[in-house]
Amino acid sequence: MNDSNPTSDTGTQGTCVVVLLTFNSAGIIRETVTAALRVSPHVYAVDSGSTDGTAQILAEMGCRVVQRPFSNYSDQRNWAIAQVEGQFAWQLHLDADEVLDDTAVHEMRALLAGGARHDAYMLRRRDYFMGKMLRFSGVNPWHLRLFRSGAGRCEARLYDQHFILVGAKRRSARLAGFMHDKNALALSDWIGRHNRWSDSEAREKSGPQLAGDDVLQPRLWGDARERTRFIKQLYYRLPIGLRAISYFFYRYVLRLGFLDGKPGFYFAFFQALWFRMLVDAKIYELRTKKQETSSTLEASTPCANTTRPNASS
């Protein structure tokens, strides 16, 4: 079904809608939607032209599906927010491979039944890699995903986007339970995706740093996401090379990633010594090209005529 209207109850406001972003997710989407439907019967999927039957599976499960070309996560998520906010009081945003556990489902149902005292709620993510759940090695565990319509949006970043609250007086709290990020990608696909993300991260770090209400600000005494961004800011002050090695030591040793066995080692290796080193190499490449371009422009600019006019002329 291809329908841009997220609900058939025109003119009425439902309690909650689950918003999914999908692309070629046929291998996991049934599990994701089955858990999501326990929170709300309304699932609104924004698909980016899947060719593996994802859209058909979504329609079979009673979801509303709209096709929209993918530009970036921020653009896609904020577009989806705008489509549903007039019809539903609450929005729950998930990726196609994020499966809610029983505890998270029960917590959300209680809140939506009238127990909500905040405008938004953060949910803990548990990462999977090479088919295994990572108990210790995961990254960025807390994410704001459930919020009142009008209270949240996705920050305007090229990579590592989070949902942020709209308005100074908005408050969030944590939920119990997990959303299990059951990454179903083969290693080669994971590497390909992170290679593209490294382009975005390098471009963002090579340009002017964003500030203001459109992005999550780094704060040492903020919530878990803001503290992570503060630490990441310190990370980029370390020398290139050293910071990737330090990050591997932090993830694999200090965060006990070695307890996750071989998948834990490979995850820490590719996340730190490969992905982060690749970002550093691309930052270096971009800065070098910028310096070369600047030097070329300076060399090609004609010198000003400093010859003193002939006094006798």
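**Exercise 1. Determine whether cysteine 154 is buried or exposed, and describe its surroundings.**

*Solution.* Cysteine 154 has a relative accessible area of 3% and is therefore buried; buried means under 20% relative accessible area, exposed over 50%, and partly exposed in between, with a 1.4 Å probe and protein chains only. The model is a predicted one, in which local features need pLDDT of at least 70 and side-chain atom pairs count only at pLDDT 80 or more, while totals for chains, interfaces and linings use all residues. Residues are numbered from 1 along each chain as its sequence is written, and side-chain values use heavy atoms, with hydrogens and water left out.

Next, locate the residue: cysteine 154 belongs to strand β9 (residues 152-154). Helices (H or I, at least four residues) and strands (E, at least two) are DSSP runs, numbered from the N terminus.

Then list its contacts, a contact being heavy atoms within 4.5 Å. Residues up to four places away in sequence not counted, cysteine 154 touches Ser74, Arg77, Asn78, Ile81, Gln161, His162 and Phe163. Finally, aspartate 75 is 79 residues from cysteine 154 in sequence, yet their C-alpha atoms are 8.1 Å apart.

**Exercise 2. Describe how helix α5 and helix α8 cross.**

*Solution.* Two packed helices are described by the angle between their axes and the distance between the axes. Axes are lines fitted to C-alpha atoms, for helices over the stretch in contact, and angles run from 0 to 180 degrees between N-to-C directions.

The axes of α5 (residues 187-206) and α8 (residues 261-300) come within 8 Å and cross at roughly 40°. Therefore α5 is oblique to α8: angles under 35 degrees count as roughly parallel, over 145 as roughly antiparallel, 65 to 115 as roughly perpendicular, and the rest as oblique.

The crossing of α5 past α8 is right-handed, meaning that the near helix is turned clockwise from the far one by less than a right angle. By class, the contact of α5 with α8 has 13 nonpolar, five polar and seven charged residues. Ala, Val, Leu, Ile, Met, Phe, Trp, Tyr, Cys and Pro count as nonpolar, Asp, Glu, Lys and Arg as charged, and the others, Gly among them, as polar.

Within α8, glutamine 271 is buried, with a relative accessible area of 6%. Apart from neighbours within four places in sequence, glutamine 271 contacts Val139, Trp190, His194, Tyr247 and Arg276.

**Exercise 3. Identify which residues touch the most other members of the largest nonpolar core.**

*Solution.* A nonpolar core is a set of buried Ala, Val, Leu, Ile, Met, Phe, Trp, Tyr and Cys residues joined through side-chain atoms within 4.5 Å. The largest has 34 residues, of which Leu20, Leu92, Leu100 and Leu146 touch the most other members. Helix α4 (residues 102-115) gives the most to this core, with five residues. A second, separate core of 19 residues includes Val139, Ala244, Phe267 and Val279.

**Exercise 4. Examine the positive phi values of methionine 130 and asparagine 140.**

*Solution.* Most residues other than glycine have a negative phi. Methionine 130 has a phi near 55° and lies in the loop between β6 (120-129) and β7 (132-133). Methionine 130 is partly exposed, at 45% relative accessible area. Asparagine 140 has a phi of about 45° and sits in the loop between β7 and β8 (142-148); asparagine 140 is partly exposed, at 22%.
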